[in-house]
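Please open the model in your viewer and keep the selection tool at hand, since this tour moves from one residue to the next and says what is there at each stop.

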Amino acid sequence: MAGGDDDVPLILTWDDDTNSGLLTDDASERPDENGVGGYDVMNNTTMPNPGRPNPRTQTSLQQSWEMNYQEAAIYLEEGENNDKFFTHPRSPRALSAYLFAHNHLFYLMELVTGVLLMLLSLSEAPAVPSLRLDVYVHATLELLALVMVAFELCMKLRWLGFHTFIRHKRTMVKTCVLFIQFIEAIVVLVRQTSHLRVTRALRPIFLVDCRYCGAVRRNLRQIFQSLPPFIDILLLLLFFMVIFAILGFFLFSSNQVDQYFNTLENSIVSLFVLLTTANFPDVMMPAYSRNRWSCVFFIVYLSIELYFIMNLLLAVVFDTFNGVEKMKFKSLLLHKRSAIEHAFQLLVSRQRPDGMTLKQFDGLMRHYRPRMSARDRFLTYKALNQSQPMTDILSLEDFYKFYEVIGLKWKARRSGEHWFDDLPHTAFLIFKGINILVKSKAFQYAMYIVVAVNGIWILVETTVFNSGVSGPKIVPWSYVVFLTIYGVEVMLKITGLGPVAYFSSGWNLFDFSVTALAFLGLITVAFNMEPFYFIVVLRPLQLLRLFKIKQRYRNVLDTIYELFPRMASLGLTLIIFYYSFAIVGMEFFAGVVYPNCCNTSTVADAYRQNNVTIGNRTVLQEGYYYLNNFDDILSSFVTLFELTVVNNWYITMEGVTSQTSHWSRLYFMTFYIVTMVVMTIIVAFILDAFVFRMNYSRKNRQEALEDPEDEKGIVFEVEVSRSDALQALEFYKQAVANSSLSSLHQLCVAMERSNQSSVVFLGRRSRTKSDLSIRMYQEEIQEWYTEYSRGNLPELGESPQSELGYPVMSQHSIN
């Protein structure tokens with residue numbers, strides 16, 4: 001099952017101090033000092049050479065294999081994380097720094113440092129009043145955080161080397177920002193007062209560079225990749241805007257009461273705001289009051305700009321985004337394939353250059369997944385070994401499936417079909433009947449009818465409550481009835497399907513959660529627990545079950561489920577833009593708006609605050625827009641969100657402009673354009689995900705009919721005989737020290753006790769977007785692989801450095 005200890009790695013550079021001399025010029029003709037013999041490179045054969053093994057050479061062999069295992073694991077991690085191979089460690093110092101910088105504690109330190117630097121804006125002037133800190137406190141904290149960033153960059157410099165370090169654009173940008181921030185923090189600490197620090201808007205760079213924010217970096221990269229066509233259409237849009245602004249100025253500037261077109265600047269600003277419809281029809285009414293035909297100007301402008309060019313902008317971005325997504329998938333797929341090929345060449349021996357053994361695969365997994373049990377490593381090897389199962393040799397074609405198999409969770413398949421097969425006959429018949437009942441279409445549609453009736457009843461109850469007939473704190477009888485039905489359904493499904501099968505279904509988890517929350521809501525109402533009364537309003541979530549009936553609804557819900565992780569990263573991307581604009585806004589506009597601040601502007605009423613006497617009462621009448629300010633980071637975020645919604649956003653812009661300068665409008669217009677880019681990317685992403693899901697469903701309609709809920713995910717099946725299990729246990733006991741053998745030992749004992757000749761294991765994992773893409777682009781993937789192999793695939797036995805230009809660490813490099 002395992003290769004012998006005297007196997008020589010195919011790619012090997014020996015330690016110079018051992019004087020083994022295997023990779024000298026005449027290596028193909030020299031006898032091997034370990035007693036195996038010389039290696040004929042031309043014929044891929046080992047020439048026998050009897051003799052006693054050299055213990056020193058044997059130790060060097062083991063060290064060589066360990067080095068290869070570690071480096072192969074690094075290549076596979078680089079493939080999984082989409083790290084470029086030119087950052088591969090090349091020396092012993094680089095390796096130690098690489099290993100130090102690639103662990104979760106280091107990643108956590110990066111994350112905490114980036115978050116801390118951004119949170120400092122809460123305490124720096126202009127600060128949130130309740131979180132204000134003295135200058136020397138927040139400046140000291142900033143310096144400490146920047147020192148941590150400098151330490152991170154030093155480790156990266158040690159690992160990459162100077163020449164690679166300066167080639168890494170993101171790292172160089174981070175270094176420049178660090179230098180500027182460090183100088184500014186020292187100046188603030190020395191002067192004991194803050195100054196104009198717009199560069200604080202660059203702090204998100206430290207967070208974005210964190211390993212945990214890789215999805216945010218991908219979003220930013222896609223935004224920048226989508227910019228060229230976006231800018232082209234944006235210039236077209238601005239061109240028509242300027243043309244219409246000039247035309248509007250000449251048409252309407254003679255109207256003394258029309259303040260929207262009295263100057264060319266106001267004409268451009270008014271039409272820019274009109275593009276967001278925030279000032280319509282107000283912008284049209286002065287001209288419309290004098291000449292009814294003036295409406296044609298505004299109708300034509302909105303038709304061209306809003307309904308044609310803006311939709312054209314979305315179409316162009318969607319098309320670009322779709323192409324970027326496909327190219328990104330192709331690049332990642334080929335990058336993983338290249339990483340697998342690099343790792344494979346480091347794991348095969350000269351005696352067996354066409355495949356690896358369990359020993360070599362296990363050596364890899366000890367570095368790649370150190371916490372994986374011996375049983376799971378063995379099962380993963382068996383799952384990969386499909387082409388040559390009788391020889392126990394893992395070929396390169398098998399190893400290509402590494403990333404598909406590595407995330408599987410292994411469980412032994414029960415000998416029976418159901419969990420109750422081993423129960424007494426009477427109990428078996430009862431549970432079998434329940435199983436048939438909960439799987440029947442009649443039961444499912446009966447529950448759909450119950451859910452629909454429940455939804456109608458909730459609407460009736462809400463209408464009655466709105467009329468003031470009953471109070472919310474009284475437990476309605478319908479609540480108890482429907483909750484009882486849902487509870488009975490849950491119990492029937494758990495007993496009929498078994499707890500494991502029931503909770504492995506996403507929809508069943510949803511039903512159970514909603515039913516449990518409804519039960520908590522009943523307790524809340526019954527015992528008058530007012531702080532938790534909000535749980536009651538979650539009852540209508542049961543209505544979502546009705547969307548399982550139609551395939552199109554299932555596609556929508558599946559798309560929503562798949563979008564959650566990506567939408568979270570897009571939300572964080574938007575927050576980063578908010579943060580940068582909020583910092584700039586605070587530096588320039590903090591404290592400029594307040595009640596009655598804009599009496600000379602066209603939006604004075606929105607900021608006015610005065611006392612008005614009505615009869616015998618004095619009433620405070622106020623416009624609340626003075627609350628939309630940049631006095632601290634939290635107020636700035638709220639203001640920016642209101643600007644994103646664009647409803648009456650021009651009031652905030654004009655209020656600030658009246659207190660500062662007309663150049664302030666550039667800030668608000670730039671923010672609108674940037675958020676328009678990000679929101680267009682988000683819309684394009686949602687469209688792409690939904691269209692992709694619909695196309696996938698059409699292409700795989702038969703599979704969808706057989707498994708409408710598509711809940712099985714990715715499943716691999718492996719059969720393990722008793723002899724295989726015993727051989728694997730013996731191998732791990734002899735060859736692998738300090739390995740977790742409890743699960744493998746328990747398997748052997750269980751097979752012995754039950755007298756089973758074999759056990760079937762099922763490996764499962766969730767289906768990802770990458771899996772769907774592989775299925776979707778099957779034909780094209782084969783073309784990609786053919787194109788890639790034609791230009792990049794090295795011959796086995798050649799160093800990856802010689803063919804692909806990627807470095808391979810040598811044995812003498814890490815000793």
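Select Glu 654 first in this predicted model: its relative accessible area is 13%, and because buried means under 20%, Glu 654 counts as buried. Glu 654 is part of helix H24, which covers residues 649–659. If you display its surroundings, leaving aside residues up to four places away in sequence, you will find Glu 654 touching Val 269, Val 603 and Arg 665.

Now select Asn 648, which sits in the loop between helix H23 (633–645) and H24. Asn 648 is not a glycine, yet its phi is positive, near 60°. Is Asn 648 buried or partly exposed? With a relative accessibility of 24%, Asn 648 is classed as partly exposed.

Go next to Gln 192, in the loop that runs between helix H6 (169–191) and helix H7 (204–208). Here too the residue is something other than glycine, and the phi of Gln 192 is positive at about 60°. The relative accessible area of Gln 192 is 40%, which places this residue in the partly exposed class.

The remaining stops concern peptide bonds. Select Ala 125 together with Pro 126, where the bond joining them is cis and omega is about -5°; Pro 126 belongs to the loop between helix H3 (104–119) and helix H4 (135–160). Then select Phe 280 and Pro 281, whose connecting peptide bond is also cis, with omega near 5°. Pro 281 is located in the loop between helix H9 (264–275) and helix H10 (285–290).

Terms used: Residues are numbered from 1 along each chain as its sequence is written. This is a predicted model: local features need pLDDT of at least 70, side-chain atom pairs count only at pLDDT 80 or more; totals for chains, interfaces and linings use all residues. Side-chain values use heavy atoms; hydrogens and water are left out. Helices (H or I, at least four residues) and strands (E, at least two) are DSSP runs, numbered from the N terminus. Buried means under 20% relative accessible area, exposed over 50%, partly exposed in between (1.4 Å probe, protein chains only). Contact means heavy atoms within 4.5 Å.
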